[in-house]
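User: I am new to this structure and would like a close look at one part of it. Please take the loop that leads into one of the helices, and then the contacts that tie other parts together.

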Amino acid sequence: MATVAQCLQAGRQLLGDEQAIEVRVLLSHCLKRPHSYLYAWPEAELSDAQLQQFERLLAARKRGEPVAYLTGEREFWSLPLKVNSATLIPRADTELLVSTALALCTPERASVLDLGTGSGAVALALASERPGWQVLALDNSAAALAVAKENSEALGLANVRCELSDWYQAVPGQQFDLILSNPPYIDPDDKHLSRGDLRFEPRSALVADDKGLADIRSIIGAAPEFLRPGGHLLLEHGYTQGEAVRALLRSHGFSRVQSYRDLAGHERVSGGCLVAD
């Protein structure tokens with residue numbers, strides 16, 4: 001029988017000391033125990049099934065598979081979310097999209113549209129913070145949408161609906177106070193696509209033509225039809241795309257256009273307001 005301490009040591013030897021946190025995450029997942037248990041009970045023994053699972057997960061992580069896919073979960077905005085290979089892995093950078101949306105002067109009973117919801121991370125974060133908002137989360141992947149629905153149900157958020165749609169396709173004639181999206185925005189030739197977790201994430205949720213701007217261009221171009229007067233559009237984008245996104249917003253009639261910087265100082269979210277004529 002292997003102990004907790006022995007498994008932690010074996011994991012660090014395989015993945016490297018710099019991955020010690022990931023080793024703890026994987027072991028906690030196998031034991032179905034919090035991280036504190038690993039420190040409190042280093043001599044606790046794993047069952048054969050737990051040890052075999054831990055060894056499989058370590059081997060998969062050694063091959064580069066993302067920890068979030070191996071455990072099937074990732075926290076976002078302090079919400080526990082299910083994820084799998086059909087969804088992007090929610091990242092801390094995207095919390096800027098949420099915090100920016102929450103800071104807008106939006107009606108208490110706002111109607112909100114989240115395009116390309118994936119796991120539902122952004123929609124669920126907003127719904128959890130603003131119970132009066134009605135949030136419609138759309139995605140063109142049935143597999144991703146199933147994850148979003150599961151997360152919504154698990155969190156008990158009744159003010160979120162998840163529907164299958166290719167961008168605005170499912171909402172003809174409807175208008176919203178706020179539209180936001182974390183769309184595909186990586187250039188197909190970007191070298192980062194062959195590195196790290198991106199290798200395993202759904203390419204359709206990552207990559208867009210026109211140097212990563214094709215989907216952003218489509219969302220902005222159609223947005224005025226679906227926004228109420230005074231409504232806002234917010235988009236996450238690549239850290240070099242801020243200027244191009246601002247230009248697109250202005251060219252389609254948006255005012256108060258600006259970009260917002262992430263914790264690293266990069267322009268990561270841009271948006272504007274559709275002022276009534």
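Analyst: What follows starts at one loop, moves to the helices beside it, and then turns to salt bridges and a few single residues.

This is a predicted model, in which local features need pLDDT of at least 70, side-chain atom pairs count only at pLDDT 80 or more, and totals for chains, interfaces and linings use all residues. Residues are numbered from 1 along each chain as its sequence is written, and side-chain values use heavy atoms, with hydrogens and water left out.

The loop in question runs between β2 (79-82) and α6 (95-103), and T94 lies in it. Helices (H or I, at least four residues) and strands (E, at least two) are DSSP runs, numbered from the N terminus. T94 has a relative accessible area of 7%, so it is buried. Buried means under 20% relative accessible area, exposed means over 50%, and partly exposed is in between (1.4 Å probe, protein chains only). Apart from neighbours within four places in sequence, T94 is in contact with F76, V122, N182 and E236. Contact here means heavy atoms within 4.5 Å.

One of those partners, V122, belongs to the buried residues of α7, together with A121, A123, L124, A125, L126 and A127. Helix α7 spans residues 121-129 and is mostly covered, with seven of its nine residues buried. Two packed helices are described by the angle between their axes and the distance between the axes. For α6 and α7, the axes come within 10 Å and cross at roughly 35 degrees. Axes are lines fitted to C-alpha atoms, for helices over the stretch in contact, and angles run from 0 to 180 degrees between N-to-C directions. The crossing of α6 past α7 is right-handed. A crossing is left-handed if the near helix is turned anticlockwise from the far one by less than a right angle, and right-handed if clockwise. On the α6 side, L97, V98, A101 and L102 meet V122, A125, L126 and E129 of α7. By class, this contact has seven nonpolar, no polar and one charged residues. Ala, Val, Leu, Ile, Met, Phe, Trp, Tyr, Cys and Pro count as nonpolar, Asp, Glu, Lys and Arg as charged, and the others, Gly among them, as polar.

Back in the loop, D93 forms a salt bridge with R268, with the closest N and O atoms 3.9 Å apart. D93 lies in the loop between β2 and α6 while R268 lies in strand β9 (residues 267-274), so the pair ties together parts that are 175 residues apart in sequence. A salt bridge is a side-chain nitrogen of Lys or Arg within 4 Å of a carboxyl oxygen of Asp or Glu. D93 counts as partly exposed because its relative accessibility is 34%, whereas R268 is at 10% and counts as buried.

The whole structure holds 11 salt bridges. Among them, D177 and R228 meet through their side chains at 2.9 Å, N to O. D177 is in strand β6 (residues 176-181) and R228 in strand β7 (residues 227-236), so this pair ties together parts 51 residues apart in sequence. D177 is buried at a relative accessible area of 12%, and R228 is partly exposed at 33% relative accessibility.

Strand β9 also takes part in another salt bridge, since E267 lies in it and pairs with R246 of helix α11 (residues 242-251), so parts 21 residues apart in sequence are tied together. The closest N and O atoms of R246 and E267 are 3.0 Å apart. Both R246 and E267 are buried. Elsewhere, salt bridges that share partners join E22, R61 and D197 into one network.

E22 and R61 appear again where two helices meet: E22, V23, L26, L27, H29, C30 and L31 in α2 meet Q50, Q53, F54, L57, L58 and R61 in α4. This contact of α2 with α4 has eight nonpolar, three polar and two charged residues. The axes of α2 (residues 20-31) and α4 (residues 48-62) come within 9 Å and cross at roughly 145 degrees.

Last, S165 sits in the loop between β5 (160-164) and β6. S165 is buried, with a relative accessible area of 4%. Leaving out residues up to four places away in sequence, S165 touches L138, D139, N140 and A170.
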